[in-house]
Amino acid sequence: MDPIRNPYAPGAGQRPPELAGRDEQLAAFDVVLERVSRGRPERSLVLTGLRGVGKTVLLNALRSAAVRKGWGTGKLEARPDQSLRRPLSSALHQAVRELGHPEPAEANHVLGVIRSFAQREAGTDAKLRDRWSPGIDVPVVRGRADSGDVEIDLVELLTDVGGLAADVGKGVGIFIDEMQDLGADDISALCAACHELSQNGLPVIVVGAGLPHLPAVLSASKSYSERLFSYQRIDRLSRDSADRALVAPASEEEAEFTPDALDAMYDATRGYPYFIQAYGRAVWDLAPRSPITGDDVAVAGPEAERELAVGFFGSRFERATPAERDYLRAMADAAGDDEDPVGSVATADVAVVLGKKPQSLSPARDSLLKKGLIYSGERGRIAFTVPHFGRYLRTQA
């Protein structure tokens, strides 16, 4: 079939041609937007899930929904080695510009507070402060969001931003990807700020996306975070939604899948959105004609697996050091060939496979946690952040 017309799009954070299986989350978020805009109390939102289930795609779709409602929005991606101040300031700068406040003086005051918040990262070095300006030309507002205590400063900053949004009857949405990578102080400050905003009824919400252990990270920072956020687990697609993700884009190109082809596709992808796109692309390119059959899926399977091995599994495995790779392989061996897609295992079992004491493996485990290749959902247990990573490792071995 014509590869130029291939509708499938495997890629990091790239929106698929059919955003199937997420209607419930999109509809619920529309309600949140309306309630916040009308001054009704509403919790911020946290999306959690494994790699490849479409958290970033959904995060972007929610942001688009906020933009359509006339909200001011900004997005950032958290990094373990970066403070929240600079990327959040840039995100809020964009959000304030999108709000389009009719009074320039009011908007400039808030922009000055944002600049003050950003430059506080640089301390007393004047030259460094200039480099930390997030493209804001208005004067810095002294004595606001510049105490040096990020919790105090963030509360003051978001309070001012929320007041500006309330003036125009709109809201501000801050969208944070890889939220689990925020530093402990920044996580604590963000929770405190969201708590203050909800108490004061200000129209600012935070929408975060992260790995499955993100709720535990938030809870460890502030005990009330369990009641502060609405948590939504983003998982693989149901059979009906997985079929729709394949059939709808194909029908736009006047192509079809036979029932046995859809059966084979679901058996191969298990409903994981990234896998669906990778298999869809390979099958489309190698199928001679429409309708696409189960035999076409079987022929294209090895090509799809090669794509996943390089672009999804292999790229992550290459980030690990030799010692960390040994640890990952030991995790796969300890998990065995069970149906658990994340290969959850006890750390003690990994040590047994490697023939070492658990304490000696702590550096490798901690480094893999920081790199986001594994996570700990409960004490003494670890799991892969990538579905079926263990199966890939056993195949490679």
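Two strands count as paired when DSSP finds at least two bridges between them. Keep that in mind as you explore this predicted model.

**Stop 1: the sheet**

Start by showing the strands as arrows. You should find 5 strands forming an open sheet, in the order S2-S3-S4-S1-S5, with parallel pairing. Now select residues 72–77 and 229–233, which are strands S2 and S5. These two stand at the edges with a single partner strand each, so one side of each has no neighbour in the sheet. Turn the view to look along the sheet: from one strand to the next, the twist averages 15°.

Next, zoom in on S3 (residues 172–177) and S4 (residues 204–210). They run parallel and are joined by 5 bridges. Which residue of S4 is the bridge partner of Ile 174? Select Val 206, and you have found that partner.

**Stop 2: a helix on the sheet**

Add residues 184–200 to your selection. This is helix H7, which packs on the sheet and touches S1 (44–48), S3, S4 and S5. The direction of H7 makes about 145° with that of S4.

While you are here, colour Cys 191 and Cys 194. Why is there no bond between their sulfurs? Each cysteine has the other as its closest cysteine sulfur, but the distance is 6.7 Å, too far for a bond. A disulfide needs the two sulfur atoms within 2.5 Å. A search of the whole structure finds 0 disulfides. Both cysteines count as buried: Cys 191 has 1% relative accessibility, and Cys 194 has 6%.

**Stop 3: two loops beside the strands**

Select Glu 178, in the loop between S3 and H7. Its phi is near 55°, a positive value in a residue other than glycine. Is Glu 178 buried or exposed? At 16% relative accessibility, it counts as buried.

Now move to Leu 211, in the loop between S4 and helix H8 (214–221). Leu 211 is buried as well, at 1% relative accessibility. Show its surroundings: leaving aside residues up to four places away in sequence, Leu 211 touches Thr 48, Gly 49, Arg 51, Lys 55, Gln 180, Gly 372 and Thr 385. Try drawing a distance line from Leu 211 to Thr 385. They are 174 residues apart in sequence, but their C-alpha atoms are 7.1 Å apart in space.

**Stop 4: helix H4**

Select residues 104–119. Helix H4 has 16 residues and reaches 22 Å from its first C-alpha to its last, close to the 22 Å expected at 1.5 Å a residue. Colour its buried residues, which include Ala 107, Val 110, Leu 111, Val 113, Ile 114 and Phe 117. An α-helix has 3.6 residues a turn, so residues three or four places apart point the same way.

**Stop 5: an annotated span**

Highlight residues 166–332. An unreviewed UniProt entry places the feature "domain: Cytochrome c" here. The span is 63% helix and 11% strand, and its end C-alpha atoms lie 52 Å apart.

Two more loops are worth a visit. Arg 270 sits between helix H11 (259–269) and H12. Arg 270 has a positive phi of about 55° although it is not a glycine, and at 33% relative accessibility it counts as partly exposed.

Finish at Pro 291, in the loop between helix H12 (273–286) and helix H13 (294–317). Look at the peptide bond leading into it from Ser 290: that bond is cis, with omega near 5°.

Key. Residues are numbered from 1 along each chain as its sequence is written. This is a predicted model: local features need pLDDT of at least 70, side-chain atom pairs count only at pLDDT 80 or more; totals for chains, interfaces and linings use all residues. Side-chain values use heavy atoms; hydrogens and water are left out. Helices (H or I, at least four residues) and strands (E, at least two) are DSSP runs, numbered from the N terminus. Axes are lines fitted to C-alpha atoms, for helices over the stretch in contact, and angles run from 0 to 180 degrees between N-to-C directions. Contact means heavy atoms within 4.5 Å. UniProt positions are given in the numbering used here, feature names are shortened, and annotations may be inferred rather than shown by experiment. The expected span of a helix is 1.5 Å times one less than its number of residues. Buried means under 20% relative accessible area, exposed over 50%, partly exposed in between (1.4 Å probe, protein chains only).
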